[in-house]
Amino acid sequence: MSAVIDDHGHADHAHGPAKGLMRWVLTTNHKDIGTLYLWFAFSMFLLGGSFAMVIRAELFQPGLQIVQPEFFNQMTTMHGLVMVFGAVMPAFVGLANWMVPLMIGAPDMALPRMNNFSFWLLPAAFLMLVSTLFTPGGGPNFGWTFYAPLSTTYAPESVTFFIFAIHLMGISSIMGAINVVATILNLRAPGMTLMKMPLFVWTWLITAFLLIAVMPVLAGCVTMMLMDIHFGTSFFSAAGGGDPVLFQHVFWFFGHPEVYIMILPAFGAVSSIIPAFSRKPLFGYTSMVYATAAIAFLSFIVWAHHMFVVGIPLVGELFFMYATLLIAVPTGVKVFNWASTMWQGSLTFETPMLFAVAFVILFSIGGFSGLMLAIAPADFQYQDTYFVVAHFHYVLVPGAIFGIFASAYYWLPKWTGHMYDETLGKLHFWLSFIGMNLAFFPMHFVGLAGMPRRIPDYNLQFADFNMVSSIGAFMFGTTQIFFLFIVIKTIRGGPPAPAKPWDGAEGLEWSVPSPAPYHTFTTPPEVK
Amino acid sequence: MTRHPHVWMGLLLWSIFSQAQAAWTVNMAPGATQISNAVFDLHMTIFWICVVIGIIVFGAMFWSMMMHRRSTGQNAAHFHENTRVEILWTIVPFLILVLMAIPATATLIKMYDSSESEIDIQVTGYQWKWHYKYLGQDVEFFSNLATPAEQIHNQSAKGEHYLLEVDKPLVLPVDAKVRFLVTSADVIHSWWVPAFAVKRDAIPGFVNEAWTRVDKPGLYRGQCAELCGKDHGFMPIVVEVKSKPDYEKWLGERKAEAAQLKELTSKEWTREELVERGDKVYHTTCVACHQAEGQGLPPMFPALKGSKIATGPIKDHLNIVFHGKPGTSMAAFGKQLSEVDIAAVVTYERNAWGNNKGDMVTPKEVLELKQAESQ
């Protein structure tokens, strides 16, 4: 298999990348495509973040000051869509592109041309999605969960563009996932058995299967919307004999596995980073693999816990409550394993480790609130309040985003050939850590006190904590521009990085020079 | 309240912060019903379980971070598995979850038992207000946000119940089992009163059940909890719980009012009277979309000022107000407003903001339309 790809590689660009812009447009190189994904994800992170800044600015004080409710709703919707589909998912695909071949000793991804196509679909999809903000009637305003009939009968005209954009993103994700599966199953170096793969590879393999399973469900869901809007069907319209609750079942059948799609790769990355800076092997590798698989399985049978108040029957309610509680078991195993990996290690706290440790602790806090939300009767009070907003931002920001930051700092020396500035990296961490907690922790309080989510204005009793949240959000948001500066500084210079800059790190990616040459592992390495 | 120590701890936590300043509330309030107290207990139990697990796990991590640093000269151990420990930390959390699921199941079963209700109320969500109908009592009304627009736009000081006040609250008797039949006329809403621990989605085409039995009289406030469009943040819920005699008195008054409203339909109205009444109706019912000066929010919500409909044939104008416009947010107000109010608002729209048509619709004409429809 690898011999075939070698021939092809030599014919095209044996001596390095092509010159100029066309290098990026036509590239089939996994490192180039990984870089494209990561830059795209970061620019979407800043864009989605700027939407969040508008939201937090409006919520800084009670009353309507900056935007009107109809624009506020567009901001909450676009913030969610851009962050989920534009920032977090592409960032993980970028990491997979860069690191999976390097970690398993493969020369490239298994399907390089498809790889190029799956990336370039994304800018098209997001250009279309974001452009709807400038259309008369405005962009999507029905929340990133786009519940029918608000998103069908009552939607602005731009909903059609939104549907098409979702289709493009879905095609991109499915192709990316197929590529990851094909690469991991076919291109592993001799001796790299499945149970020797780094956990990042394992978690991505499982994530890819989740993607292949649920993205078509999302595509079906938006296609039914399209039919309802333009072709007179009534899938989700009660007036025509359809069922608005069906929408939610289909959406969350996609939506809950999607949550794990956004966190499993981070689990994998952190499982490399914590051992590296603890100078101790990962505790419980086998149980980590099984726990990941268990979480992925459970993610398919818990979707209706997002729907505890839609009026599903008691038995259904009980089933989904019990199944959801079960997720705490494998997730707990993972957290205990990370803590045990640190136990009696020889710890140092470089930036990747800081982000990884914060990941474990803050993600666990998000897990705890998840456990609370799983208790159906209590969920009657939490559902659709800021408590939920706090919960999913705790699993996504210090979860997914901190996992991505930890990975970026961990592998930046490998990508750029330079060490990043450790002092600036730590500053980035602490500003992000403080800003993020200031922004999201008070949301638990206002949620429990009764503030619903997705409202542009609120009663005075919620005013103080909202102001704190906004200050924290501005701090977190501004800090990310600082991250951009750190990355650019590292690309342009800095102390040269050795092949293995972290003394405790393990894995094939550290056996190639830094920066990683344009072509690596053209001859597969032996894994003992 | 003395049953569980954690309730006291929760209350303590709650009261410390709430005494400092009401705005710094950090926790749920126990509420005003048996169910909401049970839910509060569940909430505090699971909260303290999480706190204990958190202290153990994070404690171990912080211990490592302090004691097992390389800078303290620590050499890394090499263990990487321990079957006994791994089995233990799979089984123990499982058992904790089972223990937690038992009271949760019991409470959930109680919440689902809406049988043997004394009063049935149909709650219907509309963009963006609530409609309450006392089944079998011939009493029904809309409940609109009462906070003045000046407060929302920061032109006057905000009141204590800013955005949590309505023109007509839902009125319930104390200590009676009330069943809510929750549905919607347009998009999905969610009817939520935290003090009762009642939250039910209002879904078009579905009728969801919920119930409550309130322990003490008072005013209880809530909000719509499902994104339902532009004014989702502006459709609060207020429930006034009265003693049983007061409730009966109130119900009697509402019935008399309903009878009076029927008489109004047959009264001879002048255009000026209709415009005056229509002004009020417009500013509670229509203003959210079509705006105070009839300028609308195009293209989603068209202007009425100088519009084809509001200055065209009066029959078409009445028709669209009465039947709504399918596929848009324009609802069929024939089902929502009385004959007088429809006549008044149409007449108002034709004679306000420079739409000087000078004509009018009478309540009797609306009644005729209604009767023609129902045949």
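1. Let me start with a single residue pair in chain B: B:Tyr126 has B:Lys129, in β2(B), as its bridge partner. The pair belongs to an antiparallel arrangement in which strand β1 (residues 119-126) of chain B is joined to strand β2 (residues 129-134) of chain B by six bridges. Keep in mind while you look at this that the model is predicted.

2. Zooming out, β1 and β2 sit in an open sheet of five strands in chain B, ordered β3-β2-β1-β5-β8, with mixed pairing. Which strands stand at the edges? They are β3 (139-143) and β8 (208-212) of chain B; each has a single partner strand, so one side of each has no neighbour in the sheet. From one strand to the next, the twist averages 25 degrees. As a reminder, strands of a sheet pair through backbone hydrogen bonds, and they can do so parallel or antiparallel.

3. Chain B has further strand pairing to check, around β9(B). Strand β6 (residues 189-193) of chain B pairs with strand β9 (residues 218-224) of chain B in the antiparallel sense, over two bridges. If you want a residue to click on, take B:Trp191, whose bridge partner in β9(B) is B:Cys224.

4. β9(B) also pairs with strand β10 (residues 236-242) of chain B: six bridges join them, and they run antiparallel. Here B:Arg221 has B:Val238 in β10(B) as its bridge partner.

5. Now over to chain A. The UniProt record, an unreviewed entry, carries the annotation "domain: Cytochrome oxidase subunit I profile" for residues 24-528 of chain A. In the model, that span is 68% helix and 0% strand, and its end C-alpha atoms lie 36 Å apart.

6. One helix pair in chain A is worth a look. How are helix α10 (residues 285-298) of chain A and helix α11 (residues 314-342) of chain A packed? Their axes are 9 Å apart and the angle is about 155 degrees. Angles over 145 count as roughly antiparallel, which is why α10(A) is described as roughly antiparallel to α11(A). The crossing of α10(A) and α11(A) is left-handed.

7. As for who touches whom, the α10(A) side supplies A:Ser287, A:Met288, A:Ala291, A:Ala294, A:Ile295 and A:Leu298. Among the residues they meet in α11(A) are A:Ala323, A:Leu326, A:Ile327, A:Pro330 and A:Lys334. Sorted by character, the residues of the contact of α10(A) with α11(A) come out as 10 nonpolar, three polar and one charged.

Definitions and conventions
Residues numbered from 1 in each chain as written. Chains lettered and ligands numbered in written order. Predicted model: local features only at pLDDT ≥ 70, side-chain atom pairs only at ≥ 80, totals over all residues. Axes fitted to C-alpha atoms, helices over the stretch in contact; angles between N-to-C directions. Helix = DSSP H or I, 4+ residues; strand = E, 2+ residues; numbered from the N terminus. Parallel < 35°, antiparallel > 145°, perpendicular 65-115°, else oblique. Left-handed = near helix turned anticlockwise from the far one by under 90°. Contact = placed C-beta atoms within 7 Å. Nonpolar A, V, L, I, M, F, W, Y, C, P; charged D, E, K, R; others polar. Pairing = 2+ DSSP bridges. UniProt positions renumbered as here; feature names shortened; annotations may be inferred.
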